[in-house]
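Trainee: I would like to go through some of the labels attached to this model and ask what each one rests on.
Mentor: Go ahead.

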Amino acid sequence: MLTPSAASQSSSRQLLCRALQLDGLFCMAGGVGLLLAGNPIARFLGVESAGFLAILGGVVMVYALLLLGGTARPSSIRALGLTVALLNAAWVIGSVALLLGGWLPLTAGGRWAVAITAAIVATFALVQFYALRRAV
């Protein structure tokens, strides 16, 4: 039988693992979308290079595979969780910088897409940080 603190740690590890898996699935879906529909997505966003989006899609898919594969190794889930949570936080900061900096001629829809994606990624990061904090 698990003690209350052991049960809490177990549920926190499970929460972290599920959050990482969902994050990986979200990344995979986004990567596939960017890879397969780069031209229409580029037009929607207002960027000129669909090639860049295809490369980004490929990179995100590789990241998703590594993330999903990493969740199969419970012994390293905390290190993976911290790394992914920090990368997610960096993605959000980069998205905010992109929106505020105006470096790309994004359409209104493009700005919304970046903002919504950043909000989703921020949610993953917050859940991951929360689960890491509880698993201490």
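Trainee: Which residues is Q128 in contact with, leaving aside its neighbours within four places in sequence?
Mentor: In this predicted model, Q128 is in contact with L16, A19, L20, D23, V84, A85 and N88. Contact here requires heavy atoms within 4.5 Å.

Trainee: Why is Q128 called buried?
Mentor: Buried means under 20% relative accessible area. Q128 has a relative accessible area of 0%, so the label applies. Q128 belongs to helix α5, which covers residues 108-134.

Trainee: What makes V114 buried?
Mentor: The cut-off is under 20%. V114 has a relative accessible area of 15%, and therefore counts as buried. V114 is also part of helix α5.

Trainee: Which residues does V114 touch, not counting those up to four places away in sequence?
Mentor: V114 touches S95, L98, L99 and L106. As for L25, V114 is 89 residues away from L25 in sequence, and the C-alpha to C-alpha separation in space is 18 Å.

Trainee: Why is W112 called exposed?
Mentor: Exposed means over 50% relative accessible area. W112 has 61% relative accessibility, so W112 counts as exposed. W112 lies in helix α5.

Trainee: Which residues make the nonpolar surface patch?
Mentor: F26, W112, I116 and I120 make the patch, with an area of about 400 Å². Residues in a patch need over 30% relative accessible area. W112, at 61% relative accessibility, passes that cut-off.

Trainee: Which element gives the largest share of the nonpolar patch?
Mentor: Helix α5 does, with three residues.

Trainee: How many disulfides does a search of the whole structure find?
Mentor: Zero.

Trainee: How do you know that C17 has no disulfide partner?
Mentor: A disulfide needs two cysteine sulfur atoms within 2.5 Å. The closest cysteine sulfur to that of C17 is in C27, 15 Å away, so the pair is too far apart for a bond. Seen from C27, the closest cysteine sulfur is in C17, again at 15 Å and too far for a bond.

Trainee: Are C17 and C27 buried or exposed?
Mentor: Set both values against the cut-off of under 20% for buried. C17 has 14% relative accessibility, so C17 counts as buried. C27 has a relative accessible area of 12%, and therefore C27 is buried.

Note on methods
Residues numbered from 1 in each chain as written. Predicted model: local features only at pLDDT ≥ 70, side-chain atom pairs only at ≥ 80, totals over all residues. Heavy atoms only, no water. Helix = DSSP H or I, 4+ residues; strand = E, 2+ residues; numbered from the N terminus. Buried < 20%, exposed > 50% of the residue type's maximum accessible area, 1.4 Å probe, protein only. Patch = residues over 30% accessible without salt bridge, like charges linked within 9 Å, V, L, I, M, F, W, Y side chains within 5 Å. Areas by Shrake-Rupley, 256 points an atom, 1.4 Å probe, with all protein chains shown as cover. Salt bridge = Lys/Arg side-chain N within 4 Å of Asp/Glu carboxyl O.
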